[in-house]
Amino acid sequence: MTFTTVLFYILAAVLVIAAFRVITARSAVTAVLHLILAFANAAMLWMLLGAEFLALLLVLVYVGAVMVLFLFVVMMLDIRMDTLRQGMKTYLPLGLVIGLVLVLEVSFVLGSIWYGSGPQAQLPADYNNARALGEAMYTQYIYAVEVGAALLLVGMVAAIALTLRRRRDVKYNDPVAAVRVRSKDRFRMVSMPAQSERAQAKRDASNGAAPQGEKQ
């Protein structure tokens, strides 16, 4: 048994334990932390299998962005686990059946790969799995990639549209009206005679009135 095989079994065992703790932890923060540990171990397993690009994507996207965001959201929200676990016993049999079916499917797929594929093909020395993945995505699976990109775009537009709700207590600015405005609609020149306090006081004195501000 080589060192790579031993390391694979260690990482796989830690991954299974972390995944089990995700669904059994009483605290939501503890569950999220174990999920981060599970993703990190899965990335290391992919690294051992030669899929370095997918391992880096898993670490950067899920562990570095998505799970950190989940962790902050869970820590800021007051999530009561007792309320979430009220219907757990009702859906437990269905969850066990789905989990068993998933395990059987994965076992069949891995068994067919390990026992029916024969010896592995020898890869050239300059083989790059990131380049091979890119060529497969944008040549053989180009339509699937485009459909996925379109679905993500539609989801993003729908999320933005759902948040754009009209509120009566908020003043909105119309950019079209602001561009079409003219100077004479906003600014008006008014001609007024020049006045001064001294000239006004002399005028009032000549008319027999008391100057403004003078005490009687």
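Student: Why is Gly50 called partly exposed?

Tutor: In this predicted model, Gly50 has a relative accessible area of 29%, and because buried means under 20% and exposed means over 50%, Gly50 falls between the two cut-offs and is called partly exposed. Gly50 is placed in the loop between α2 and α3.

Student: What makes Asn129 a spatial partner of Gly50, C-alpha to C-alpha?

Tutor: Gly50 and Asn129 are 79 residues apart in sequence, but their C-alpha atoms are 7.8 Å apart in space. Asn129 also belongs to the contact of α3 with α6, where Glu52, Phe53 and Leu54 in α3 meet Asn129, Ala130 and Leu133 in α6. By class, the residues of that contact divide into 4 nonpolar, 1 polar and 1 charged.

Student: Why are α3 and α6 called roughly perpendicular?

Tutor: Helix α3 and helix α6, the latter covering residues 129-140, pack at an angle of about 85 degrees, with their axes 7 Å apart. Angles of 65 to 115 degrees count as roughly perpendicular, and α3 and α6 are therefore described in that way.

Student: How do you know whether α2 and α3 are roughly parallel or roughly antiparallel to each other?

Tutor: Helix α2 (residues 28-48) and helix α3 (residues 52-76) pack at an angle of about 175 degrees, and their axes are 9 Å apart. An angle over 145 degrees counts as roughly antiparallel, and α2 and α3 are therefore roughly antiparallel to each other.

Student: Which residues make the contact of α2 with α3, and how do they divide by class?

Tutor: On the α2 side the contact residues include Val29, Leu33, Ile36, Phe39 and Trp46, and on the α3 side they include Glu52, Leu58, Tyr62, Met67 and Leu71. By class, this contact has 22 nonpolar, no polar and 1 charged residues.

Student: Why does Asn41 count as buried?

Tutor: Asn41 is placed in helix α2 and has a relative accessibility of 3%. The cut-off for buried is under 20%, so Asn41 counts as buried. If residues up to four places away in sequence are not counted, Asn41 touches Leu11, Val14 and Leu15.

Student: What makes Met44, in helix α2, partly exposed?

Tutor: Met44 lies in helix α2 and has a relative accessible area of 40%. Because the partly exposed class lies between the limits of 20% and 50%, Met44 is called partly exposed. The C-alpha atoms of Met44 and Ala12 are 9.6 Å apart in space, while the two residues are 32 residues apart in sequence.

Student: Why is Leu56 put in the partly exposed class?

Tutor: Leu56, whose place is in helix α3, has a relative accessible area of 47%. Exposed requires over 50% and buried requires under 20%, so Leu56 is partly exposed. Leu56 and Ala43 are 13 residues apart along the chain, and their C-alpha atoms are separated by 7.1 Å.

Student: Where does UniProt list a "transmembrane region", and what secondary structure does the chain have over residues 31-49 and 141-164?

Tutor: The unreviewed UniProt entry lists residues 6-24, 31-49, 55-79, 91-115 and 141-164 under that name. In the model, the chain over residues 31-49 is 95% helix and 0% strand, with the end C-alpha atoms 27 Å apart. Over residues 141-164 the chain is 92% helix and 0% strand, with the end C-alpha atoms 35 Å apart.

Student: How many helices and strands does the protein have, and what share of its residues is buried?

Tutor: The secondary structure comes to 10 helices and 0 strands, and buried residues make up 10% of the 216 residues. The protein exposes about 19,000 Å², of which carbon and sulfur atoms supply 66%. Among contacts between residues at least 6 apart in sequence, 55% join residues at least 24 apart.

Methods. Residues are numbered from 1 along each chain as its sequence is written. This is a predicted model: local features need pLDDT of at least 70, side-chain atom pairs count only at pLDDT 80 or more; totals for chains, interfaces and linings use all residues. Side-chain values use heavy atoms; hydrogens and water are left out. Axes are lines fitted to C-alpha atoms, for helices over the stretch in contact, and angles run from 0 to 180 degrees between N-to-C directions. Helices (H or I, at least four residues) and strands (E, at least two) are DSSP runs, numbered from the N terminus. Angles under 35 degrees count as roughly parallel, over 145 as roughly antiparallel, 65 to 115 as roughly perpendicular and the rest as oblique. Contact means heavy atoms within 4.5 Å. Ala, Val, Leu, Ile, Met, Phe, Trp, Tyr, Cys and Pro count as nonpolar, Asp, Glu, Lys and Arg as charged, and the others, Gly among them, as polar. UniProt positions are given in the numbering used here, feature names are shortened, and annotations may be inferred rather than shown by experiment. Buried means under 20% relative accessible area, exposed over 50%, partly exposed in between (1.4 Å probe, protein chains only). Accessible areas come from the Shrake-Rupley method with a 1.4 Å probe; for residues, only the protein chains shown count as cover.
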